[in-house]
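Student: Please take a close look at one part of this structure, the helix H9 region with the spaces it lines, and set it in the context of the rest of the chain.

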Amino acid sequence: MTEKKTRGRQRSSESQEAILAATAELLTQKPLRDITIEAIAGKAGVGKVTIYRWWPTKAYVALDACSSILARNIPVSDTGDIRTDLTTLLRYSLDLAAMPEGKIVGQFLAETQDDPQFALLFRDRVVRPRRDAIGELLDRAAKRGEINPKIDKHFIIDLLYAPLIFRNMVGSCPPAMNAEEMICAVLYGIGSPKSTRGALSFRLGPKPKTLRIKKS
């Protein structure tokens with residue numbers, strides 16, 4: 001009996017691996033919306049029932065298939081300079097966005113709008129690790145006096161990733177984005193007086209003066 005259970009678990013594991021491999025390969029050929037459970041089953045050599053045994057929809061299969069890339073180690077350097085650290089992290093995100101597994105993030109975001117359970121899973125696997133990583137960098141920068149500690153770090157994270165997510169959603173080319181310029185633009189707004197002098201202010205120029213309309 002034990003031997004039969006062992007063989008059964010092995011077959012299940014092999015089937016799951018075949019399904020995930022088939023899904024990952026299909027995602028390099030076409031977007032998620034054009035992939036069907038039938039296509040995944042056919043390529044993996046399993047029945048549709050086998051897939052539905054472990055995943056409720058193709059989006060869940062795709063998320064698992066891409067998880068090894070999306071959840072791999074996120075570079076969190078500690079050079080003592082927030083601009084360098086954030087640029088390294090954002091470059092990693094831009095490189096990932098150019099990969100097939102990265103491009104699917106926009107499609108996952110669309111799925112989160114109609115499936116609350118999938119949204120929770122997506123946030124836990126993809127969003128939270130990145131926000132935590134950036135949060136660590138911002139905490140250290142605030143202690144060093146590089147950024148204004150009064151600005152909510154979660155808002156800063158939104159500022160950093162919003163351009164990447166927006167371009168991903170509307171179909172712009174993420175590789176065209178310059179990580180260093182994006183970081184400089186954000187830091188220029190959130191930095192302490194110390195951090196907005198020197199190279200940062202030289203790169204972006206002086207802060208614009210506030211336009212005040214005089215009352216007649």
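Tutor: What follows starts with the whole chain, goes on to H9 and the spaces beside it, and ends with the salt bridges.

This is a predicted model, in which local features need pLDDT of at least 70 and side-chain atom pairs count only at pLDDT 80 or more, while totals for chains, interfaces and linings use all residues. Residues are numbered from 1 along each chain as its sequence is written, and side-chain values use heavy atoms, with hydrogens and water left out.

The protein chain has 11 helices and 0 strands (DSSP runs, numbered from the N terminus: H or I of at least four residues for helices, E of at least two for strands). Of its 216 residues, 37% count as buried (under 20% relative accessible area, with exposed over 50% and partly exposed in between; 1.4 Å probe, protein chains only). Among contacts (heavy atoms within 4.5 Å) with a separation of 6 or more, 64% join residues 24 or more positions apart.

Helix H9 covers residues 153–170 and includes Met 169. Met 169 is partly exposed, at a relative accessible area of 45%. Together with Ile 165, Phe 166 and Val 170, Met 169 makes a nonpolar surface patch of about 390 Å². Such a patch is built from residues with over 30% relative accessible area and no salt bridge, nonpolar side chains (Val, Leu, Ile, Met, Phe, Trp, Tyr) being joined within 5 Å and like charges within 9 Å; areas come from the Shrake-Rupley method with a 1.4 Å probe, and for residues only the protein chains shown count as cover.

H9 also contributes to the largest pocket, which holds about 390 Å³ of space. Among its 19 lining residues, Val 105, Val 126, Arg 130, Tyr 161 and Ile 165 are the closest to the pocket centre. H9 supplies the largest share of this lining, 7 residues, and at least two each also come from H5, helix H7 (105–112) and helix H8 (116–144). On a 1 Å grid over the protein atoms alone, a pocket is an open set of points with protein on both sides within 12 Å along at least five of seven lines, a cavity is a set where a 1.4 Å probe fits but cannot get out, and lining residues have an atom within 4 Å of a point. Points are joined across faces, edges and corners, and a volume is the space filled by probe spheres set on them.

There is 1 cavity of 30 Å³ or more, and the largest cavity holds about 40 Å³. Its lining consists of Leu 86, Leu 89, Leu 90, Ile 134, Leu 160, Tyr 161 and Ile 183. Here helix H5 (82–97) and H9 each give at least two residues, with H5 giving the most, 3. Thr 87 is also in H5 and is buried at 6% relative accessibility. Beyond its neighbours within four places in sequence, Thr 87 contacts Ala 179, Glu 180 and Ile 183.

H8, another contributor to the pocket lining, carries a salt bridge between Arg 128 and Asp 132 (3.5 Å, N to O); the term requires a side-chain nitrogen of Lys or Arg within 4 Å of a carboxyl oxygen of Asp or Glu. These two residues are 4 apart in helix H8, so about one helical turn separates them. The structure holds 10 salt bridges, and a network of them links Asp 78, Arg 140, Arg 144 and Glu 146.
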